[in-house]
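Please open the model in a viewer and keep the sequence panel at hand. The tour below proceeds by selection, with a short account of what is found at each stop.

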Amino acid sequence: MAQPQSKKIFFENLSGAGKAIAVLTSGGDAQGMNAAVRAVVRMGLYVGAKVYFIHEGYQGMVDGGENIEEASWESVSSMLQVGGTVIGSARCKEFRSHEGRLKAAHNLVQQGITNLCVIGGDGSLTGANLFREEWNGLLTELVEQGSIEADAVQKYSALHIVGMVGSIDNDFCGTDMTIGTDSALHRIIEVVDAIMTTAQSHQRTFVLEVMGRHCGYLALVSALACGADWVLIPEMPPEDGWEDTMCEKLSATRSRGTRLNIIIVAEGAIDRHGKPITSGIVKDLVVKCLGFDTRVTILGHVQRGGTPSAFDRILASRMGVEAVLALLETTANTPACVVSLCGNQSVRLPLMECVQMTQEVQRAMDGKRFEEAVKLRGRSFENNLKTYKLLAHRKPESELPVSNFNVAVLNVGAPSAGMNAAVRSAVRVGISEGHKMFAVSDGFEGFSKGQIKEVKWADVGGWTGQGGSLLGTKRTLPAKHVDKIAEQMREHNINALLIVGGFEAFLSLLELLTARGKYDEFCVPMVMVPATVSNNVPGSDLSIGADTALNAITATCDRIKQSASGTKRRVFIIETMGGYCGYLASVGGLAAGADAAYIYEEPFDIRDLQANVEHLTEKMKTSIQRGLVLRNENCNENYTTDFIYQLYSEEGRGVFDSRKNVLGHMQQGGAPSPFDRNFGTKISAKAMQWVTKKLVETFRQGRVFANTEDTCCLLGMRRRALVFQPVVQLKGETDFVHRIPKEQWWLKLRPLMKILAKYKTSYDVSDSGQLEHVVRNRPKESDASVTM
C-alpha cells in the first residue's frame with residue numbers, strides 16, 4: 001500500500017467549522033476512556049467544531065434531554081488521570097430495537113449531530129455501524145411522523161462513525177492494544193508481585209483468576225510478565241491429560257528449590273471438550289495430587305479500576321485526536337472506521353472488517369479449531385503464546401539440540417527496569433537452542449576481570465519482575481580493556497555476544513566491530529537489545545525501561561498536582577532525566593497533561609518562556625487551578641530548572657505561585673512495568689534466535705568466524721517492525737556529541753501536547769488519513785507484538 005504523503009494541517013485551515021461531533025462511551029468501562037474523551041473534545045474544539053457529551057452511552061442517546069450536553073474546554077480538565085468513564089456507560093437493550101434507534105436519531109438531529117465517536121467494544125461498534133446504515137431510513141421515518149422538517153433529511157443526510165476500542169480484554173482484531181488493556185495488566189502484575197512475596201514465605205501455590213471470558217490475552221501476557229508456571233486460556237485449551245502434566249511441572253519446579261508456584265487462569269478457560277476449567281478446579285487438583293498448600297485469588301473488577309497507565313493515556317490521547325481527524329476527512333461513501341495502533345503507528349481500519357474478524361475467532365473456538373483461533377487473534381497473540389511456551393516449559397536434556405556454542409550475555413550502561421527480564425529470556429532461549437550460556441557481571445569492566453560464569457535455567461527464575469540489573473552494569477566501554485576482553489573471550493571460548501543496554505552498548509558494539517581487524521576473538525555474532533530510560537538509542541523507537549520511567553513520571557506528576565488541590569493557583573516545574581533526549585519530558589508531558597515541556601531537540605528562547613507564562617496566566621484567570629511544566633535535564637545550559645522556576649514565580653506573581661521538583665533517579669528504579677517485562681522478554685528472545693541463526697551460518701572448519709557488517713547488529717523497533725540493523729549503518733543516523741538519534745519519531749507527538757494544552761500550533765498528519773484493510777497474517781518481520 002502506498003505510504004501517505006507528508007502534509008501538515010494548520011489551525012487556520014482545519015475544516016471543523018459547522019460540524020457537530022458527539023462522543024460516548026459504551027459497554028464495559030476501561031481505564032483511559034477519559035483520556036480519549038478529553039482528546040476528542042479538545043481536538044474537536046480546536047478545529048472549530050461543536051462537541052457534545054452523550055452521557056450513559058446509547059441509553060443517553062435514546063433518552064436524550066440532559067444526557068446530550070455540549071462540552072467545553074474546561075469540562076474535560078482534571079479527567080486525564082481518572083479511571084473508568086466520567087460521562088458514564090450503560091448497556092442499552094432499547095437501542096437494539098428499531099424504535100430505540102429512531103429515538104436516538106431524533107435526539108441527534110435536534111442537536112445537529114452527524115458525527116459520532118464511539119468508544120467501546122465490538123458490540124458497541126457493531127451497533128454504531130447498524131445505526132449508520134439505517135440513518136437515512138430513520139430520518140425519512142421521522143419526517144413521515146412529523147417529528148423533523150423535510151429539509152433535515154438533506155441537511156443531515158449522512159451519519160459519520162469513528163470507533164475507538166475501549167476494552168481491558170484486548171479482544172478486538174485489527175489493533176495491537178485496546179484502551180485499558182495496559183492498565184488492567186498493571187493491576188494484575190501489582191497483585192501477582194505482592195502475592196509472590198507471601199507465597200514464597202509459606203511455600204504456597206497460588207491460583208489467580210483474571211478476566212477474559214472469551215479472550216485469554218490478560219492471562220497470557222500476565223503469565224509471561226511474571227513467569228507463571230502454568231496458564232489456562234480459552235483460545236488454546238491444554239491437551240488431554242493436562243492435569244498430570246501440570247502437576248509434574250509444578251513438582252519439578254519445587255524439586256529445583258523454588259518455594260512457590262503461580263498458576264494463572266482466564267475466567268473463560270476450557271478444556272479440549274469445551275468443559276470449563278475454573279480456579280477452584282485447579283486448586284483442588286493441586287491439593288489432591290501434590291498436597292501443596294494452595295490458595296485462590298480472584299481479581300475480579302479490580303482489573304477495571306484505578307488510574308490509567310502512561311501507555312493508556314498516550315494511546316487514548318493519540319487515538320482521540322486521530323478520531324477527530326478521521327471524522328473531518330470522511331465523506332458519505334467512507335465506511336465506518338476504527339482508529340487503532342499497529343506497532344508504534346496509528347492506523348484506520350474498516351470497522352466491520354475488524355468486527356467480522358473478531359467474530360470469526362469465536363466461531364473458530366466454538367468449532368474447536370483452536371490453532372486457527374490463535375492465528376486469528378493476530379501475530380501479537382500468537383507470538384506471546386510461543387514465547388511463553390519457550391520460556392516457561394523447560395525441555396528435558398535429552399530433547400535439547402547440542403550446538404557446542406558458548407554465548408555470553410551482559411548489561412552495559414545505566415540500569416533500567418526490564419533488563420533482568422531480557423537476560424532471563426536470552427538465557428532460557430539460548431539453553432532451549434542447545435547453547436551453553438554465560439553471564440558477565442559488571443559489563444565490560446567485569447568482562448576484562450574474568451567475572452564470567454555459566455548460568456543455568458533455574459538461575460534466572462524470578463528475574464522478570466526485578467528492577468535494576470541483577471548482573472550488574474557499568475558504563476565502561478570495551479576499548480579501554482580490549483586486550484583483556486579478547487583474552488577472556490578466548491579463555492571461555494565465547495562464540496557470540498548479546499548485550500542489553502543503552503547508548504554505551506551501541507558505542508561498545510562499534511568499538512568491538514573496529515577491534516575485529518586486530519582480534520579474531522571479536523569475529524563472532526554480536527547483537528544489542530536497547531535498554532535505557534532515556535530512549536535515546538539510534539535504530540529503535542522504543543527502549544526497555546522507558547515505559548517504567550514514564551509511569552514513574554506520570555504517577556509523580558499526578559500526586560504533585562493533587563498536592564495543590566484546594567489551594568490557590570499553582571504551577572509546578574518538574575525536571576526529568578534523559579540526557580539530551582527529550583523523550584521522557586515530551587511523552588511524560590502528554591501522559592500527565594502538561595502545559596509545556598522544554599527539550600533540547602526543540603530550541604527555545606526567553607520569548608518562548610514568556611509566551612508560555614502568559615498562556616498559563618490567561619488559563620489560570622479563567623478556569624484551571626494547577627499548571628504543569630516539564631523540563632528535560634539538559635534542554636538548555638542557561639535556562640536551568642531554577643531559572644525557569646524563578647521566571648514563572650516572578651511573572652506569575654499575583655495570579656499563581658510556583659514550585660519545583662527534580663525527579664532524579666526514581667525514574668530508573670522500581671519494578672518494571674508489564675510493557676517493559678514483555679518488551680524485554682520478546683525482543684531478547686528474538687535476538688537470541690538471530691544469534692543461533694548467525695552461529696550456524698558463520699561456523700566453518702570447526703570454528704565461528706563472523707567478520708561481516710551484518711553479524712554485528714542492533715535489534716530495534718521501527719514503526720511496525722522489529723528490525724536487525726548493522727550498527728555501522730546507524731552511525732550516519734546518530735548525533736554522537738549529544739548521544740541521540742538525528743531523527744526521533746516522538747517529536748511528532750509534541751504538537752498533540754500543545755493542542756491539548758490550548759496552544760495554536762501546526763500538526764503533522766503524514767502518518768494519518770489512509771484507510772487500510774485488516775490483514776490476517778502480517779509479514780513475519782513485522783511482528784508489532786512488542787507493543788505488548
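Where is the place of Lys758? Select this residue in the predicted model: Lys758 sits in the loop between α24 (750–756) and β29 (763–764). Its backbone merits inspection, as Lys758 has a positive phi of about 80° although it is not a glycine. Most residues other than glycine have a negative phi. With a relative accessibility of 38%, Lys758 counts as partly exposed.

**The loop between β4 and α3**

Next, select Ser78, which is placed in the loop between β4 and α3. Ser78 likewise is not a glycine and has a positive phi, of about 60°. Its relative accessibility is 47%, so Ser78 counts as partly exposed.

Remain in this loop and move along to Arg91, which lies between β4 (68–70) and α3 (98–111). Arg91 has a relative accessible area of 64% and is therefore exposed, the threshold for that class being over 50%. Now add Lys93, Arg96 and Arg213 to the selection: together with Arg91, these residues gather in a patch of positive charge on the surface.

**Aromatic pairs**

Change the selection to the aromatic side chains. How many aromatic pairs does the structure hold? The number is 18. Begin with Phe311 and Phe675, whose rings form a tilted pair, at 5.6 Å centre to centre and with 35° between the planes. This pair links distant parts of the chain: Phe311 belongs to helix α10 (residues 310–329) and Phe675 to helix α22 (residues 674–698), 364 residues apart. Both Phe311 and Phe675 are buried.

Then select Tyr580 and Tyr600, an edge-to-face pair with 5.2 Å centre to centre and 75° between the planes. Tyr580 is in the loop between β19 (570–576) and α19 (583–592), and Tyr600 is in the loop between β20 (596–598) and α20 (606–622), so the pair ties together parts that are 20 residues apart in sequence. Are these tyrosines buried or partly exposed? Tyr580 is partly exposed, with a relative accessible area of 32%, and Tyr600 is also partly exposed, at 27% relative accessibility.

To complete this stage, select Tyr58, Phe95, Phe131 and Trp135, which form one aromatic cluster.

**Helix α22 once more**

Return to helix α22 and select Met688, which is found there. Met688 has a relative accessible area of 0% and is therefore buried. Add Cys342 and draw a distance between the two C-alpha atoms: Met688 and Cys342 are 24 Å apart in space, and 346 residues apart in sequence.

**Salt bridges**

Side chains of opposite charge can pair when their charged atoms come close. The count for this structure comes to 34 salt bridges.

Select Glu322 and Arg348, which form a salt bridge whose closest N and O atoms are 2.8 Å apart. Glu322 is in helix α10 and Arg348 in strand β12 (residues 345–350), so distant parts of the chain, 26 residues apart, are linked by the pair. Why do both partners count as buried? The limit for this class is under 20% relative accessible area, and Glu322 has 3% relative accessibility, while Arg348 has a relative accessible area of 5%.

Proceed to Lys660 and Asp642, a salt bridge in which the closest N and O atoms are 2.0 Å apart. Here the link runs from strand β22 (residues 657–662), which holds Lys660, to helix α21 (residues 641–651), which holds Asp642; these distant parts of the chain are 18 residues apart. Lys660 is partly exposed, with a relative accessible area of 38%, and Asp642 is partly exposed, with 36%.

A further stop is the salt bridge of Lys456 with Glu454, where 3.1 Å separates the closest N and O atoms. Lys456 is partly exposed, with a relative accessible area of 47%, and Glu454 counts as partly exposed at 32% relative accessibility.

For the final selection, take Arg204, Asp293 and Arg295. What links these residues? Arg204, Asp293 and Arg295 are joined in a network of salt bridges.

Methods. Residues are numbered from 1 along each chain as its sequence is written. This is a predicted model: local features need pLDDT of at least 70, side-chain atom pairs count only at pLDDT 80 or more; totals for chains, interfaces and linings use all residues. Side-chain values use heavy atoms; hydrogens and water are left out. Patches are made of residues with over 30% relative accessible area and no salt bridge: like charges are joined within 9 Å, nonpolar side chains (Val, Leu, Ile, Met, Phe, Trp, Tyr) within 5 Å. Accessible areas come from the Shrake-Rupley method with a 1.4 Å probe; for residues, only the protein chains shown count as cover. A salt bridge is a side-chain nitrogen of Lys or Arg within 4 Å of a carboxyl oxygen of Asp or Glu. Lys and Arg count as positive and Asp and Glu as negative; His and the chain ends are not counted. The place of a charge is taken as NZ of Lys, CZ of Arg, CG of Asp or CD of Glu. Helices (H or I, at least four residues) and strands (E, at least two) are DSSP runs, numbered from the N terminus. Buried means under 20% relative accessible area, exposed over 50%, partly exposed in between (1.4 Å probe, protein chains only). Rings of Phe, Tyr and Trp (its six-membered ring) pair if their centres lie within 6.5 Å; planes under 30 degrees apart count as stacked, over 60 as edge-to-face and the rest as tilted.
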